[in-house]
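Here are my notes for a first look through this one. Keep the structure open next to you and take the points in order.

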Amino acid sequence: MFKVLGALCRSWCSAAQSGVRSPSSCISRIWFGPLPKDSIWIKPGRLHYLESDVEKQVDIIKTIDGVVVLLYNKSREKLIFVRQFRGAVYQGIYSAGSSAMAVGEANLEKFPPEVGVTLELCGGAVDKDKSLKEIAKEEVLEECGYEVPTESLQHVFDYRSGIGTSSSAMTLYYCEVCDGQKVSEGGGVNTENIQVLEMSVEESRKLVQTGATTNGGPSCLVGLLWFFLFKAPKVTT
């Protein structure tokens, strides 16, 4: 299973007490099945190559590139995160210790949906014919409810995720917002079920302390480390 930081648990409990439902609260059934051939999100394949006259091969997955935005609310001096159920994370925890993919109905008593809920930075897929900044701007509005100009998005760096299998290109931005830019509750679009969560700088710092464990991806941790290195001394003084 996994550990959750005490500070993080308290923040989640506070959100629940304020009437915000967890992203997993509406999930009543989970089951596993084969990947359909017409999936628009994942394309599996095998790459072959010659290295020093030796033929080698590696199984790979073609995925969609993404953008990530580290948001800091100056009005309340809070970092802004999102929580959502991630099926891949749930599957990883459910089938931990086995090389086989889980199949059939999931045991929700042993593995409740909450184990698949992640803590992440705002972000989304590069699936539109728009600039990366325009896509990032839309994600900030859709997920967190802030209207931001593209000029306020500071490019941090570009990197790749899942380099052993997918190697999708990722772009990280930093953006400072204020309460006056909050135009909606966020929460995602269409069938998305996203919870917006704010944490103080000190609470967030615990996420990257030695020995910490979170249920999110490296983009969140890398973004936080950059923030504490380059921004925290300025915004907290």
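**Notes on the fold, starting from one strand**

1. Val 68 has Leu 172 as its bridge partner in S10. S4 (66-73) and S10 (168-177) pair in the parallel sense over 8 bridges. Strands count as paired here if DSSP finds at least two bridges between them. Strands (E, at least two residues) and helices (H or I, at least four) are DSSP runs, numbered from the N terminus.

2. A word on what you're looking at. This is a predicted model, so local features need pLDDT of at least 70 and side-chain atom pairs count only at pLDDT 80 or more, while totals for chains, interfaces and linings use all residues. Residues are numbered from 1 along each chain as its sequence is written, and side-chain values use heavy atoms, with hydrogens and water left out.

3. How far can you trust it? The average pLDDT (the predictor's confidence in each residue, from 0 to 100) is 91, and 90% of the residues score at least 70. Residues 1-18 stay under 50, with 31 contacts beyond four places in sequence in the model; contact means heavy atoms within 4.5 Å. Where pLDDT is low, the predicted coordinates should not be read in detail.

4. Back to S4. Strand S8 (residues 122-125) joins S4 through 4 bridges and runs antiparallel to it, with Gly 66 opposite Ala 125. S5 is also antiparallel to S4, over 3 bridges, and there Leu 71 stands opposite Ile 80. S4 and S5 make a hairpin with 4 residues in between, and Glu 77 in the turn has a positive phi of about 55 degrees.

5. Is S4 buried or exposed? Of its 8 residues, 8 are buried, meaning under 20% relative accessible area with a 1.4 Å probe and protein chains only (exposed is over 50%, partly exposed in between). One side carries Gly 66, Val 68, Leu 70 and Tyr 72, and the other Val 67, Val 69, Leu 71 and Asn 73. In a regular strand the side chains alternate between the two faces of the sheet.

6. Now the largest nonpolar core, which has 22 residues; Leu 70, Phe 81, Tyr 174, Leu 224 and Phe 227 touch the most other members. Such a core is a set of buried Ala, Val, Leu, Ile, Met, Phe, Trp, Tyr and Cys residues joined through side-chain atoms within 4.5 Å. Elements supplying at least two residues each include S4, S10 and helix H5 (218-230). H5 gives the most, with 5 residues. Apart from this core lies another of 17 residues, among them Cys 122 and Tyr 173.

7. H5 itself checks out: its 13 residues should span 18 Å at 1.5 Å a residue (times one less than the residue count), and its end C-alpha atoms are 18 Å apart, which agrees. Its buried residues include Leu 224, Trp 226 and Phe 227.

8. Which residue of S9 (residues 154-161) is worth a click? Try Gln 154. Gln 154 is partly exposed, at 32% relative accessible area. Its C-alpha lies 5.0 Å from that of Tyr 174, 20 residues away along the chain. Setting aside neighbours within four places in sequence, Gln 154 contacts Leu 172, Tyr 173, Tyr 174, Trp 226 and Lys 231.

9. Last, H2 (residues 87-94), where Tyr 90, Gln 91, Ile 93 and Tyr 94 are buried. These residues cover an arc of only 165 degrees around the axis (using directions from the axis to the C-beta atoms), which puts them on the same side of H2.
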